[in-house]
Amino acid sequence: MKKYGPKRFLAVIALMLLFVLLMQLTTHAQTPLEKRLTINLKEEPIKTALDRISKLAQVKFTYNEQVANSTIKVSVDAKNKTLNEVLSTALSGQPFKFNVLDQEIHLQYDPTKAKKPVADPAANPGKNIEKYSLSGTISSSKTGETLIAATVRWVGTKVATISNEYGFYTISLPQGKQQVEVSAIGFRSLIKTVALNGPIRLNFALEEDANELETVSITSSPTKRSIDNPQMGMERINLKETKNIPMVLGERDVIKTLQLLPGVKSSGEGSGGFFVRGGSADQNMILLDEAPVYGASHLLGFFSTFNSDAIKNVTLYKSGMPAQYGGGLSSVMDVKMNDGNLQKFGVSGGVGMIAARLNVEGPIQKEKSSFLISARRTYLDAFLKLSKDSTIRNSSLYFYDVNAKANYILGDKDRLYISGYFGRDVLSADKLAGINWGNATATLRWNHLFSSKLFSNTSLIFSNYNYKITSDEEESSLSLFSQIRDFNFKEDLQWYINDKNTLSFGLNSIYHTIKPGEVRAEGNSGLVSQDLENRYSLDNAIYASNTWKVTEGFSLTYGLRLSAFSILGRGTYYELNNAGQVIGETTYKRAEVVKTYVNLEPRVAASVQLSESAAIKASYVRNSQNLHLISNSNSASPVDRWTASTNIIKPELSDQLSLGYYKNLAGDRYELTVETYYKDLKNQIDYRNGADIYTNKPIETQLLFGKGRAYGVEWLLKKKTGRLTGWLAYTLSKSERQVDGINNNQWYNTRQDRTHDISFVALYELSKKWSLSANWVFATGNAVTFPNGKYTLLGESYFYYSARNADRMPAYHRLDLGATHILKKRKNFSSELSFSLYNAYGRSNAYRIAFRENEKNPNSTEAVMTSLFRFVPSMSYDFKF
């Protein structure tokens, strides 16, 4: 009998688990609705009727308080009828709908079946009824946190609106008594009757729905994607729903979660960067409370800068970016921090394998102001102290970050936010050499209501990213410092013109200072202290965009962004010939304009509803980018060189066309999204053969410029309700460039080109105490350039390279398993243990492949593969009180 080792055993178990989970996602077995029964109900309260049906048919119902407390009575007289027929007859004309969830019948209130208000214009087409605006904010009743993308719907109609990034909403309704339903993911819906005799400001506070259902706990509320909204290519992460996804060393990471979605690819194991729809890592604009974050990773890319304890919402735009966003060709990742609890003081945190976290929040003045402080630090350096080697013992290896925020409600029309982030990484070897880098951001925001229909957000923003490399030997020392610093002013306004038009407009101005390099050398290092010239620029933009609901089934968003990037003195700018040699230079005085690039960036998107559950969308967007990351490695490094557009380096441009199909399946339990795109890129940057991006020569001498293209299809099938939730994502794509001087001027693969990318994520609620999770990923290997020959010159061996990025790394695949056990869950205290096994079947994925001469036979060359992670178990403890 064949003996199974641990690796083979784990692989078999993992495949069985994935098979079972996949079967649960796809199997359509006989449902409880096909059961037959005979029953007679006459004006029975709905809860009593459901209890009788449950006993006779031996089925289980789940429902919330709206159903349980309903005074509606139902009647039915059925003989040997299916349960589907019985329920359809009993609930005919009533505002309820039902569907099957994991062999249980879920009954819920359906506002679309409610009787229409008397004042509904559709019911009285001949009357000219006055309309008034209902506006306010939507928040959590438990914490006071404002809720993003909460829905306010006029009951019995399709008229609805959603809250903006600050929880503000406004909706126009006819005069008289109207019913509105307020809902948000993770919260109980609320229905309220409002008497409208003029404009009204009304704030809503929603309760969390952790125990919404009486007989079963559903992990995700059955809210469906807004198929009537023209916005496409957008993914919004609910941190509560994804907190159990297993991650390396147990550290929750929003960027790693994004990499499990279609069109978003990891830049490599051990890297915090990501690629979106064929773009490079620097073509993603990453914002934290509106402040740009230029180095969004810790520990050389193993973790992101974002502490999940401090994050409220993460939104990623892959296409059709709203006009207020600019500066990134491929995507915008908009991260919003928690505001702090307005109601009560609270502490939460956790201890993991490598890091500890602590989050403190509470009211400064109850219901008026609050604060949040969230900190995280690794303690890998503590283990170094245990080494007997003094060099290791005196070395440093850690990172820390701190998020802080305060918000003040100044009145009904004004609110002030102050937030900041500071993070740092330190790696050093016994003071001999080291590197440290980090980000600092600060944002001051003022929300103001000019009227119930005009909302304003004014922001002052500071962002700073820098790194320092040091080398200290007995007779010499060397340090290199580089920095990018921004001062930013933004004014964004939203004008809710009427129930069919919402206009967004504003302006943005950023002053960039880039310090390419400051070298300090002492002793006999052979280097001379010098400063590369700072580069200054002013990045201005104005924009306007309107969302127009043309008809009930057709919506349109159209807008324009006008950007003007001015390169400023002081400094010297160069002229080059085709070989990249300097043939002229011009020196400019302080604040003197060297050159201004003006770009029109139109955006348009449309949505056509095919039915209540299906829609198609299309969009076109042009983006420009004036800050560029110069790197010759596959993944972003903290010491990669940032540069702004110059008289030679032109703004990068992209034109993206997207088309998508969206379908809610099986009573909204499943969601299918298919999107295809084509992206045309201009002024793309690549480095010359043999380039040195850290040279003291003008950086332009090391670069070449050309064009690019990226296209692909993305599929996402998501199961949103029941004990088992998760998704299956697949991306088929291509990313290429054509640059004169590279690959004989022919098209070649970009480093981020990956033909296939698959992610499977499953989350299963085993019981009230235990939840299980698994994710499996597969990706075609990155495009790389391997040597295809070797020659010897003067006794030295050299490798020969031909076509760029013509080779492939081995395919990447990995299975992660996780489990979470709730230890205690009380009103004032909760705690849990999380376990995970990263790379459960021990796949040796290639991190790097190097080539070297064989020690025994110098005429022979061997490839050496380096892998990072195999069988990485972790455990963490989290608490909250």
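These legends describe close-up views of a predicted model.

**View 1. The whole chain is rich in strands, with 56 of them beside eight helices.** The protein chain has 881 residues, and buried residues make up 53% of them. Contacts between residues at least 6 apart in sequence were also sorted by separation. Of these, 64% join residues at least 24 apart.

**View 2. The largest nonpolar core holds 42 residues.** Phe306 and Met333 have the most contacts inside this core. Seven elements each supply at least two of its residues: α6 (254-258), β16 (274-276), β17 (284-288), β21 (311-317), β22 (331-337), β44 (724-739) and β46 (756-765). Apart from this core lies another, of 28 residues. Phe61, Ala78, Leu107 and Val155 are among the residues of that other core. In soluble globular proteins, nonpolar side chains tend to be buried together.

**View 3. Which residues does Met333 touch, leaving out those up to four places away in sequence?** Val254, Ile255 and Leu258 are among them. So is Phe274. Met285, Ile286 and Leu287 also touch Met333. Phe306 is another partner, and Phe306 shares with Met333 the place of most contacts inside the largest core. Val314, Thr315 and Leu316 complete the list.

**View 4. The largest cavity has a volume of about 720 Å³.** A search of the whole structure finds nine cavities of 30 Å³ or more. The largest one is lined by 44 residues. Asn284, Met285, Ile286, Val293 and Tyr294 are the closest to its centre. Strand β17 gives the most to this lining, with four residues. Other strands that each supply at least two lining residues include β30 (476-498), β31 (501-523), β33 (535-551) and β34 (554-568). β38 (614-625) and β39 (627-630) do so too. Met285 and Ile286 also touch Met333.

**View 5. Glu290 has a positive phi, near 75 degrees, although it is not glycine.** Most residues other than glycine have a negative phi, and most peptide bonds are trans. Glu290 sits in the loop between β17 and β18 (291-292). Is Glu290 buried or exposed? Its relative accessibility is 5%, so Glu290 counts as buried.

**View 6. An open sheet of four strands runs in the order β8-β7-β10-β11.** The pairing is antiparallel. β8 (160-162) and β11 (190-196) are the edge strands, each pairing on one side only. From one strand to the next, the twist averages 25 degrees. β10 (residues 176-183) and β11 pair over seven bridges. Gln179 has Thr193 in β11 as its bridge partner.

**View 7. β34 pairs with both β33 and β37.** The β33 and β34 pair is antiparallel and has 15 bridges. A hairpin links these two strands through two residues. Ile542 stands opposite Leu562 in β34. The pairing of β34 with β37 (residues 593-611) is antiparallel and also counts 15 bridges. There, Leu556 has Ala606 in β37 as its bridge partner. Strands of a sheet pair through backbone hydrogen bonds, either parallel or antiparallel.

**View 8. A cis peptide bond runs from Gly569 to Arg570.** Its omega is near 15 degrees. Arg570 lies in the loop between β34 and β35 (571-576).

**View 9. β43 and β44 form a hairpin with four residues between them.** In the turn, Gly722 has a positive phi of about 95 degrees. The strands run antiparallel, and 14 bridges join β43 (residues 703-719) to β44. Lys718 stands opposite Trp727 in β44.

**View 10. β44 also pairs with β46 and β45.** The antiparallel pairing of β44 and β46 spans nine bridges. Leu728 has Phe760 in β46 as its bridge partner. Two bridges join β44 to β45 (residues 748-749), again antiparallel. Here Glu736 is matched with Asn749 in β45. Both β44 and β46 supply at least two residues of the largest nonpolar core.

**View 11. Asn743 is found in the loop between β44 and β45.** Its phi is near 55 degrees, a positive value in a residue other than glycine. How large is the relative accessible area of Asn743? The value is 23%, so Asn743 is partly exposed.

Notes:
Residues are numbered from 1 along each chain as its sequence is written. This is a predicted model: local features need pLDDT of at least 70, side-chain atom pairs count only at pLDDT 80 or more; totals for chains, interfaces and linings use all residues. Side-chain values use heavy atoms; hydrogens and water are left out. A nonpolar core is a set of buried Ala, Val, Leu, Ile, Met, Phe, Trp, Tyr and Cys residues joined through side-chain atoms within 4.5 Å. Buried means under 20% relative accessible area, exposed over 50%, partly exposed in between (1.4 Å probe, protein chains only). Contact means heavy atoms within 4.5 Å. Two strands pair if DSSP finds at least two bridges between them. Axes are lines fitted to C-alpha atoms, for helices over the stretch in contact, and angles run from 0 to 180 degrees between N-to-C directions. On a 1 Å grid over the protein atoms alone, a cavity is a set of points where a 1.4 Å probe fits but cannot get out, and a pocket is an open set with protein on both sides within 12 Å along at least five of seven lines; lining residues have an atom within 4 Å of a point. Grid points are joined across faces, edges and corners, and a volume is the space filled by probe spheres set on the points.
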